[in-house]
Protein chains: 2
Amino acid sequence: MKEVVAGIDIGGTNTVFGLVDKTGNILAENSLKTTDYPEIKNFVSALAAAINKLVEGKSNLKLAGIGIGAPNANYHKGTIELAPNLAWKGIVPLAEYIRKKIDVPVIVTNDANAAAMGEMIFGGAKKMKDFIILTLGTGLGSGIVINGEVVYGHTGFAGELGHTIVVPGGRDCGCGRQGCYETYASASGLVRTVLYMLSEMREESSLRDIPPSELTAKKIAEAAAKKDPIAVEALDYTAEILAFGIANAIGFSSPEAVFLFGGLAQAGEMLFIPTRKYVDQNVQPIFKGTVKILPSGVPESNAAVLGAAALAWNELKK
Amino acid sequence: MKEVVAGIDIGGTNTVFGLVDKTGNILAENSLKTTDYPEIKNFVSALAAAINKLVEGKSNLKLAGIGIGAPNANYHKGTIELAPNLAWKGIVPLAEYIRKKIDVPVIVTNDANAAAMGEMIFGGAKKMKDFIILTLGTGLGSGIVINGEVVYGHTGFAGELGHTIVVPGGRDCGCGRQGCYETYASASGLVRTVLYMLSEMREESSLRDIPPSELTAKKIAEAAAKKDPIAVEALDYTAEILAFGIANAIGFSSPEAVFLFGGLAQAGEMLFIPTRKYVDQNVQPIFKGTVKILPSGVPESNAAVLGAAALAWNELKK
């Protein structure tokens, strides 16, 4: 029998899951629509059945554990709490519900912490004990590893860098406050920066022909690659704020590397080069040159399942 | 034979040291003038002799280890590196030098990390696994504990919150940058804030009669206790910036408590009450009400020796 774990990524729209062996091979995967299950118990039943089916579909597999990345997940309690993008309200004891259906260890955390674990077990941080991963999508998620362990903190919710304030009195954030890191340093933050630059600058730009509701980080990166002045300026400013937050995080935990992941990171060297420059300008002298700014070493398409699986493998190791 | 450790605090002017038992009793102590020893080897010889003398002065003591708090100390390497306030230049292998004189485990870190260890072993954080201590003196030092361990990071210098930037483009800092946390949230930051308030506000104030070079946090706190309007306003603003940095730190590591220590913390409830209010206003909703803001549980007069001793006891436990 070959041991595998199930890695599950619960998103607002889709839930994807796969069986992953110890070296990070995905042996089988599937998905279901999260929105088809407004009742959590029905969701758990469908998910458990689908995982059992995956295991039975292959010969000689033994399911050793389950790792789950989900919004507002509490590692200590195995719960999802007050997640704004999910239909299940209040505090959902997800790990407990799943264990009732499949009796193996079930570990729950948010997607950014799962990404950190994925990076450490299967990605670019295999030999690192201190690093940070920033997931730069619609928001900014962060997973922080110190002394080889993901930081969950007293509440189980640690590592919420996206809602640390980097511009006091700055942009409105979905959390109800102003100037949060993710309102600048994320794919949607880049879009907001372009809109601001369009208001401030007089240069011609292909981005003036795209309705704001259709602007994406990808389109902006494409324009920047063609030297569009607004796109170039917006990427540079985004890198500056991203680097400002990274420099302050370095003062906190002095990591060996910061990994960038997600839609904004897809801009590649156009983002990484100015980010490295601004980190170097902003960081305390004592930390100059001590931190690598790197793209994630986990392929974007498999990252969610691999991260969640890594969570389970890490727990089984203990 | 009763086991004790030596706790040593190396400052720019004085070095104080004491023998401390497992429960935090200081059995003997002494000091020497750091500035009397421009050569590190002479300093180490004098210090080792003085410690041996303390041990021999009591009957039945066995020295089990040595803990040292010192500026710019590197825990991983046992070194002091490029300390601006010490005469010993370059990289000083302090632990190694001391071990050659006294053959016991020697642990080195900066004073704020030692204070964190003191708080955990002998103070108010005995049952805590996740907390932060801020030492608010001439500068702002910070010791961060996560999962029951002081955070040293990849370089050994982690936990430098005093030089994270909280006001971009703000006050000049001794580190050569602008807007560092310690230029606002420290005893000397409070003095700077009073000078600013004296320029901005027209209210009468007893602080207008004190030459700026003689202003201290203590005098300002005394004036605030008498409702001096400038002193009150300055303490409130200091609490606001202090709280802003605390709120961001909470987003990072979600501690159970933040301890405040040092000259500025001596202002007591005049500082703690507004600080708690502003932390509550600034913190992410998910962390509201989860963090206690507390005075240090270690007496200020013994804190340096006890912190350094705690460092040694913690290492011997491993």
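**Notebook: two chains and what touches what**

**Entry 1, the interface.** I started with where the chains meet: 30 residues of chain A are in contact with 30 residues of chain B. I should jot down right away that this is a predicted model. Next I looked up which elements of chain A give two or more residues to the side that touches chain B, and I found strand E10 (140–146) and helix H6 (229–253). H6(A) supplies the largest share of that side, with 4 residues. Sorting that side of chain A by class gave me 13 nonpolar, 13 polar and 4 charged residues.

**Entry 2, confidence.** How sure is the predictor? For the complex I noted an ipTM of 0.91 and a pTM of 0.92. Chain A has an average pLDDT of 95, and 100% of its residues score at least 70. I then went through the elements of chain A: the lowest mean pLDDT, 92, belongs to strand E5 (residues 73–74), and the highest, 98, to strand E13 (residues 292–295).

**Entry 3, two helices in chain A.** A reminder to myself: two packed helices are described by the angle between their axes and the distance between the axes. I picked helix H1 (residues 40–57) and helix H2 (residues 94–101) of chain A, whose axes come within 10 Å and cross at roughly 45°. Angles from 65 to 115 degrees would count as roughly perpendicular and those under 35 as roughly parallel, so H1(A) is oblique to H2(A). The crossing of H1(A) with H2(A) is right-handed.

Which residues make this contact? From H1(A) I wrote down A:Ile40, A:Lys41, A:Val44, A:Ser45 and A:Ala48, and from H2(A) A:Tyr97, A:Ile98 and A:Lys101. By class, the residues of this contact come out as 5 nonpolar, 1 polar and 2 charged.

**Entry 4, a sheet in chain B.** I moved over to chain B and found an open sheet of 3 strands, in the order E5-E6-E7, with antiparallel pairing. Why do E5 and E7 of chain B each have one side without a neighbour in the sheet? Strand E5 (73–74) and strand E7 (91–92) stand at the edges and have a single partner strand each, so one side of each stays free of a neighbour in the sheet.

I zoomed in on one pair. E5(B) and strand E6 (residues 79–81) of chain B run antiparallel and are joined by 2 bridges. I looked up B:Asn74 too, and its bridge partner in E6(B) is B:Thr79. For background, strands of a sheet pair through backbone hydrogen bonds, either parallel or antiparallel.

Notes
Residues are numbered from 1 along each chain as its sequence is written. Chains are lettered from A and ligands numbered from 1 in the order in which they are written. This is a predicted model: local features need pLDDT of at least 70, side-chain atom pairs count only at pLDDT 80 or more; totals for chains, interfaces and linings use all residues. Axes are lines fitted to C-alpha atoms, for helices over the stretch in contact, and angles run from 0 to 180 degrees between N-to-C directions. Angles under 35 degrees count as roughly parallel, over 145 as roughly antiparallel, 65 to 115 as roughly perpendicular and the rest as oblique. A crossing is left-handed if the near helix is turned anticlockwise from the far one by less than a right angle, and right-handed if clockwise. Two residues are in contact if their C-beta atoms, placed from the backbone, lie within 7 Å. Ala, Val, Leu, Ile, Met, Phe, Trp, Tyr, Cys and Pro count as nonpolar, Asp, Glu, Lys and Arg as charged, and the others, Gly among them, as polar. pLDDT is the predictor's confidence in each residue, from 0 to 100. Two strands pair if DSSP finds at least two bridges between them.
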